[in-house]
Amino acid sequence: MPSEKIKLEKVKSEIDAESENPTVLKTEMEELDKKYIHLLQMQKVKALEVYNSTASQNISERKKYATMIFRLTVGWTIAIFFVIILNGFNLYCFYISDKVLITLITTTTINFLGFFLLVTKYLFNTKETESGLPFNDSENLKK
């Protein structure tokens, strides 16, 4: 206990001596500011690394799903084309009345296009901050 008391008194005397000397306090504050800025920059680097890995994953997923959506669109167009051809030339005894054919083509195409727009808007959503970074760093970019 007495040694701890001596240590505490020594620290207290150092603090008192430093408080009388403003240049020491100023240099300590500058060092703390430098450490804070360094830590802030490291956090931004980590955030950018996560952002980049997420962006690269999104790009690969977008390519995959864009190909699938394109194939589905082409398949749907071919299916509608064959229904029209089969009905128009009465092939294989295939006949649908005009009202049913118009209803079938119109409603299913509208539903399909709605689905297509929904998926593409979700996949290719590009909302970002003003600077394009995952955090607002516009003030630091101006400096």
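This short report walks through helix H2 of a predicted model, with a look at a salt bridge, a surface patch and a buried residue.

Let's start with the charged pair. The salt bridge count comes to 1, and the partners are Glu61 and Lys64, whose closest N and O atoms are 3.5 Å apart. Both residues sit in helix H2, with a spacing of 3 residues, or about one turn of the helix. Glu61 has 29% relative accessibility, so it counts as partly exposed. Lys64 is also classed as partly exposed, because its relative accessibility is 41%.

Next comes the nonpolar side of the story. Phe70, Val74, Ile78, Phe81 and Phe82 make up a nonpolar patch on the surface, and together they offer about 510 Å² of accessible area. One of these residues, Phe81, belongs to helix H2; its relative accessibility is 49%, so Phe81 counts as partly exposed.

Finally, have a look at Asn87. This residue is placed in helix H2, which covers residues 22-89. Is Asn87 buried or exposed? Asn87 counts as buried because its relative accessibility is 9%, and buried means under 20%. Which residues does Asn87 touch, leaving aside its neighbours within four places in sequence? Asn87 is in contact with Phe94, Tyr95, Ile96 and Leu101.

Here are the accessibility values side by side:

| Residue | Relative accessibility | Class |
|---|---|---|
| Glu61 | 29% | partly exposed |
| Lys64 | 41% | partly exposed |
| Phe81 | 49% | partly exposed |
| Asn87 | 9% | buried |

Technical notes:
Residues numbered from 1 in each chain as written. Predicted model: local features only at pLDDT ≥ 70, side-chain atom pairs only at ≥ 80, totals over all residues. Heavy atoms only, no water. Helix = DSSP H or I, 4+ residues; strand = E, 2+ residues; numbered from the N terminus. Buried < 20%, exposed > 50% of the residue type's maximum accessible area, 1.4 Å probe, protein only. Contact = heavy atoms within 4.5 Å. Patch = residues over 30% accessible without salt bridge, like charges linked within 9 Å, V, L, I, M, F, W, Y side chains within 5 Å. Areas by Shrake-Rupley, 256 points an atom, 1.4 Å probe, with all protein chains shown as cover. Salt bridge = Lys/Arg side-chain N within 4 Å of Asp/Glu carboxyl O.
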